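User: I would like to learn how helix geometry and internal cavities are read from a model. Could you take me through them step by step?

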Amino acid sequence: MGGVAVDVSAGRVKAPDGGWGWAVLAGCFVITGFSYAFPKAVSVFFKELIREFGVGYSDTAWISSILLAMLYGTGPLCSVLVNRFGCRPVMMVGGLFASLGMILASFSTSIIHIYLSTGVITGLGLALNFQPSLIMLNRYFSEKRPLANGLSAAGSPVALCCLSPLGQVLQYQYGWRGGFLILGGILLNCCVCGALMKPLVAPKSLKAKDLEQDKEEGTERAEGKTKKPKAKLLDFSVFKDCGFVIYTVAASIMVLGLFVPPVFVVSYAKELGNEDTKSALLLTILGFIDIFARPTCGLIAGLKWVRPRCVYLFSFALIFNGITDLIGSQANDYTSIVVFCIFFGISYGMVGALQFEVLMAIVGTEKFSSAIGLVLLMESIAVLVGPPGAGRLLDATKNYMYVFLLAGSEVVLSALVLATCNFLFIKNKSSVPADKLENVVVTDGAKAEACSGATEVDDMEEKGATEEQEKEMVKELKKEEEKDKEKVEDVRPESVTVDSQEVERFLKEPQQNGDVATTPETCL
């Protein structure tokens, strides 16, 4: 696997912000669509499964729950595999697992078999594709990363709009077994997307430096001076970053209520006396708005004056989403629910476009592979608690208003935690006193500027010293001239006579004395 070593040191390679990165973005678009839309698209087959195996709706609902739990809960495992083997091989193996799970599910004889095949195996395969695709997107884009995140996140609503009707057609034409088998074949496209994740290649100069450094380290290890530190498969040092801890806590609270409205909005509309077709249309409206909201939010987040404040834009998106839930809880007819779905689609798209962009900005490229795995693990707990908790509240109160009020309050709380803690604890994190800036070395450009600055200082000092020497030499020459005048003029020929004005003019001309070349060697 030639790309494994490059994946490990990819943080030192400059992001191309284009080129092959657009192919990587296309792969991320497809993978994001499969990962988020597939658990919802499988619900189309639930009625057939209930009739086939004689189980209840709650039993079939565990299929989607297990899929989501595997997608989020296996985050640390994905981080370890990516740091060990690289993104491309992990994604291609994940594509095989995702397809294999659906193919095995088509031969199931009990609901338990579907739990293990569709839930565990396919869920693990999708997880092995989703997380590495985000890592590669982060490596290929830097300046255009907010736009890239917005475009890749748009894959979720697009795939949902495509997979749900496709599932209904497959169920009508081939039954649930044939539909599972065909969907398993479609999931093999994850392997194609994985093949697009070409590792970044370091420049030749950087490779030469790495080889020299490796030789030096090898010599020192042979002499017993140093020991090469082992690469961390899962970097827990991200928890030392206060910004990462704040983001993890806020994201865990957010997930408690973020996914509740899409789950209950159709049932809410039916409860108000609307037809099934009109109620199902609400998700289509929500998804259509979501498609355009995500890229648009990515464009806004990429603006020069917005990107440094991306955390606060994310907090605004969360507040917007939470307030939409709170107001939507008072809806009492179909028109008001449609308006709720429009605004919820906008806010939901903003959250989807910004959640991983903010994490990338907080932890950076090198630690992102470990950070996203740990964040998804924390979110998996909230994913398993949020919708079932809202369902129990609905069973206890028999009123959808309280469900939407709870979801909205949880999302607003997460926004307040993120914005307030970030303002109080992270505001002055990157500020450096002016008198200490010269001791900070950031990039090669900064080194060159510091070097040229030091060269200019040295030039000024040398010029000052030269002028003092010239003055002393002129004084000595004048003294010697006065002494010579006292002597007999015949002792020295006229051709040897020195004119003091010419000497003074000669010494004061800078080009005759030479300038100090402002080269990097001079500052050393």
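Analyst: What follows deals with two helices and then with a cavity. The model is predicted, so local features need pLDDT of at least 70 and side-chain atom pairs count only at pLDDT 80 or more, while totals for chains, interfaces and linings use all residues. Residues are numbered from 1 along each chain as its sequence is written, and side-chain values use heavy atoms, without hydrogens and water.

User: What span does helix α9 have between its end C-alpha atoms?

Analyst: Helices are DSSP runs of H or I with at least four residues, numbered from the N terminus, and the expected span is 1.5 Å times one less than the number of residues. Helix α9 (residues 155–186) spans only 16 Å, whereas a straight helix of 32 residues would span 46 Å. A kink of about 120 degrees is centred on Y174 in α9, the bend being the angle between axes fitted to the seven residues ending there and the seven starting there.

User: Which residues line the largest cavity?

Analyst: Rolling a probe the size of a water molecule over the atoms shows where empty space is left. A cavity is a set of points, on a 1 Å grid over the protein atoms alone, where a 1.4 Å probe fits but cannot get out, and lining residues have an atom within 4 Å of a point. The largest cavity holds about 30 Å³ of space, and its lining consists of G243, I246, Y247, V311, I362, L418 and N422. Helix α12 (242–258) and helix α18 (400–425) each supply at least two lining residues, with α12 giving the most, three.

How values were computed
1 Å grid on protein atoms, 1.4 Å probe; cavity = no way out; pocket = protein on both sides within 12 Å on 5 of 7 lines; lining within 4 Å. Points joined across faces, edges and corners; volume = space filled by probe spheres on them.
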